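Here are a few notes to read alongside the structure. Take them one at a time, and find each residue on screen as you go.

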Amino acid sequence: MQIHQALIKGRQYLKQQNVASYSLDSQVLLSHITGLDRTGLITRGDQPLTPAQLQQYEKLLERRAGGEPVAYLTGHKEFMGLDFIVSPAVLIPRPDTELMVERAVSLLRQSGARPLPAVDVGTGSGAIAVTLAHLVPGLQVYAIDISPDALAVARQNAARHGVADRVKFCQGNLLEPIPADLQGKVSVITANLPYIPTGDISGLMTDVKDFEPRLALDGGPDGLALYRKLIPRAHRLLHPGGHLLMEIGPGQGAAAKALLPAASWTARLELDLAGRERLVEGEKRRFRLEGIS
Ligand SMILES: C[S@@+](CC[C@H](N)C(=O)[O-])C[C@H]1O[C@@H](n2cnc3c(N)ncnc32)[C@H](O)[C@@H]1O
């Protein structure tokens, strides 16, 4: 079978199987198997697939029709222009999270040539931690996850992007693994912790609820259980004027902002490009005598 025929048939099959992104998915899977980019699939469309390639393509199409996310089938996902290795042990990095990275980079760049260390909690594939280290020269990042399997993937990504010497991976709960001598010395904490309310998980798309790790999704009864625990610990860790950035889902803005007590934080809510609530930012207040009455 020629490449262009395989593309048409793959697209038809996924459409019949009600895969919404049937056109893009058939193309990404065929690119993965042939090593050809989108243009290559067209310009070399009359080239035949080898029997092994055809068999592999059929298997992947079938798995995709069963709901498996394309990124798990190819083992890769692009985030902030970098290619990340992914496996079913990690959440697939989302474009939504780029807002948090852009904000963190801007804060870190404002803080001078040698910013204080940053912490990424719930690092998963390492998408946030590795991108921060890649974009901010000299930055030291502590990347924490409770899942050892996720950390194994994140370590590969740090090595792949040449930042393994500046990203320290730690396994543990929230900020517990951070060494005590870092208290009060951290510039930015990024947290894309699970924030989906437990009761909403069964209503998610099959791709997410049946394939992505539950540990990466379930944020407790209101979705904010982990942020509630994180905030006091983050306050101790941050330098005065340092920032805690927390990704949230639409509708969680007011409740998440209210978790940051006004006496110790200045809180802001940011919307994503689609106008949805996406990021809650807390700046640790600096001590001021004027504030004492
Ligand atoms: C929503 S995923 C985010 C992954 C990655 N930061 C990203 O943006 O693509 C949340 C991650 O938090 C981790 N996690 C869940 N509970 C945790 C906890 N108590 N302490 C540390 N990490 C936790 C999960 O294993 C998962 O990798």
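**Notes on the annotated sites**

1. Let's begin with the record. In an unreviewed entry, UniProt lists Gly122, Thr123, Gly124, Ser125, Gly126, Asp145 and Asn192 under "binding site". These residues are spread over 71 residues of sequence, yet they cluster in space, with a largest C-alpha distance of 11.6 Å. Please keep in mind that you are looking at a predicted model.

2. Now pick out Ser125 from that list. You will find Ser125 in the loop that runs between strand 3 (118–121) and helix 7 (127–135). Is Ser125 buried or exposed? Ser125 counts as buried, because its relative accessibility is 2% and the cut-off for buried is under 20%.

3. What does Ser125 touch, once residues up to four places away in sequence are not counted? Its contacts are Phe84, Ile85, Val90, Leu91, Pro93, Val153, Ala154 and Asn157. There is also a detail to look for close by in sequence: a polar atom of the Ser125 side chain lies 3.3 Å from the backbone nitrogen of Ala127.

4. Next, move along the chain to Asn192, another residue listed for the binding site. Asn192 sits in the loop between strand 6 (186–191) and helix 9 (206–209). With a relative accessibility of 17%, Asn192 counts as buried, since that value falls under the 20% cut-off.

5. Which residues surround Asn192 when its neighbours within four places in sequence are left aside? Asn192 is in contact with Thr97, Met100, Val121, Gly122, Ile128, Tyr227 and Glu247. With Thr97 there is a polar contact, made between the two side chains at 3.5 Å.

6. Let's turn to the beginning of the chain. In an unreviewed entry, UniProt annotates residues 5–75 as "domain: Release factor glutamine methyltransferase N-terminal". Over those residues the chain is 72% helix and 0% strand. The C-alpha atoms at the two ends of this stretch are 25 Å apart.

7. Finally, have a look at Arg11, which belongs to helix 1 (residues 3–16). Arg11 has a relative accessible area of 31%, so it is partly exposed. Although Arg11 and Tyr22 are eleven residues apart along the chain, their C-alpha atoms are separated by 5.5 Å. Leaving aside neighbours within four places in sequence, Arg11 is in contact with Tyr22, Ser23 and Ser26.

Terms used. Residues numbered from 1 in each chain as written. Predicted model: local features only at pLDDT ≥ 70, side-chain atom pairs only at ≥ 80, totals over all residues. Heavy atoms only, no water. UniProt positions renumbered as here; feature names shortened; annotations may be inferred. Helix = DSSP H or I, 4+ residues; strand = E, 2+ residues; numbered from the N terminus. Buried < 20%, exposed > 50% of the residue type's maximum accessible area, 1.4 Å probe, protein only. Contact = heavy atoms within 4.5 Å. Polar contact = N/O pair within 3.5 Å; in protein donor to acceptor, adjacent residues only side chain to side chain.
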